[in-house]
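Biologist: I have not looked at this structure before. Could you take me through it step by step?

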Amino acid sequence: SPDKTIFRNTPKITVVGKTDNEASVKIFDDTYFPDEEGVFRYEFPLKKGTNRVTFEVTGANGKKTTITQEYILE
């Protein structure tokens with residue numbers, strides 16, 4: 001989440017994802033670890049226009065998956 005991708009008057013959004021609880025999630029240069037249910041949260045500051053964030057998930061087995069999302073601040 002969030003389910004929508006276009007925002008107005010919103011300085012930041014909370015991006016919530018779910019993965020394996022033993023995985024790690026790299027966002028920009030920081031690494032995050034999900035809770036025991038596999039949920040992670042990231043506070044993403046928005047600037048006017050298109051904002052792109054890439055999540056690089058590394059599972060316990062070392063397999064990496066990359067997901068990119070775009071959010072627009074009008």
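Modeller: The questions below go from the sheet to its strands, then to single residues; the model is a predicted one.

Biologist: In what order do the five strands of the open sheet lie?

Modeller: The pairing in this sheet is mixed. Its edge strands, E1 (6-7) and E4 (30-32), each pair on one side only. Reading across, the order is E1-E7-E6-E3-E4.

Biologist: Which residue in E7 stands opposite Ile-6?

Modeller: E1 and E7 pair in the parallel sense, over two bridges. Opposite Ile-6 in E7 stands Ile-72.

Biologist: How many bridges join E6 to E7?

Modeller: These two strands form a hairpin, with five residues between them. In the turn, Gly-62 has a positive phi of about 90°. One bridge pair is Thr-50 with Ile-72 in E7. The strands run antiparallel, and the bridges joining them number 10.

Biologist: Which residue in E6 is the bridge partner of Ser-24?

Modeller: E3 and E6 pair in the antiparallel sense. Four bridges hold that pairing. The partner of Ser-24 in E6 is Thr-58.

Biologist: Which residue in E5 is the bridge partner of Thr-14?

Modeller: E2 and E5 (residues 39-45) run antiparallel. Seven bridges join them. In E5, Thr-14 has as its partner Glu-43.

Biologist: Which residues make up the covered face of E2?

Modeller: In a regular strand the side chains alternate between the two faces of the sheet. The uncovered face of E2 has Lys-12, Thr-14, Val-16 and Lys-18. The covered face has Ile-13, Val-15 and Gly-17.

Biologist: Is Ile-13 buried or exposed?

Modeller: Ile-13 lies in E2, which spans residues 12-18. The cut-off for buried is under 20% relative accessible area. Ile-13 has 6% relative accessibility, so Ile-13 counts as buried.

Biologist: Which residues does Ile-13 touch, leaving out those up to four places away in sequence?

Modeller: Phe-28 is 15 residues from Ile-13 in sequence, and the two C-alpha atoms are 16 Å apart. Phe-28 is not on the contact list of Ile-13. That list is Pro-2, Phe-7, Tyr-42, Glu-43, Phe-44, Leu-46 and Tyr-71.

Biologist: Which members of the largest nonpolar core touch the most other members?

Modeller: In soluble globular proteins, nonpolar side chains tend to be buried together. The largest nonpolar core here holds 15 residues. E2, E3 (24-27), E5, E6 and E7 (64-73) each give two or more residues to this core. The members touching the most others are Ile-13, Ile-27, Phe-44, Leu-46, Val-53, Phe-55 and Tyr-71.

Biologist: Which residues do ring pairs link into a cluster?

Modeller: The structure holds seven aromatic pairs. The cluster joined by ring pairs is Phe-7, Phe-28, Tyr-32, Tyr-42, Phe-44 and Tyr-71.

Biologist: Is Asn-51 buried or exposed?

Modeller: Asn-51 sits in E6, which covers residues 49-58. Among the residues Asn-51 touches are Phe-44, Leu-46 and Tyr-71. Asn-51 has a relative accessible area of 4%, so Asn-51 is buried.

Biologist: Which backbone oxygen does the side chain of Asn-51 reach?

Modeller: Asn-51 also touches Pro-45, Gln-69, Glu-70 and Leu-73, among others. A polar contact needs N or O atoms within 3.5 Å. The side chain of Asn-51 reaches a backbone oxygen at 3.0 Å, that of Gly-49.

Methods:
Residues numbered from 1 in each chain as written. Predicted model: local features only at pLDDT ≥ 70, side-chain atom pairs only at ≥ 80, totals over all residues. Heavy atoms only, no water. Buried < 20%, exposed > 50% of the residue type's maximum accessible area, 1.4 Å probe, protein only. Polar contact = N/O pair within 3.5 Å; in protein donor to acceptor, adjacent residues only side chain to side chain. Contact = heavy atoms within 4.5 Å. Phe/Tyr/Trp six-rings, centres within 6.5 Å; stacked < 30°, edge-to-face > 60°. Pairing = 2+ DSSP bridges. Core = buried A, V, L, I, M, F, W, Y, C linked by side-chain atoms within 4.5 Å.
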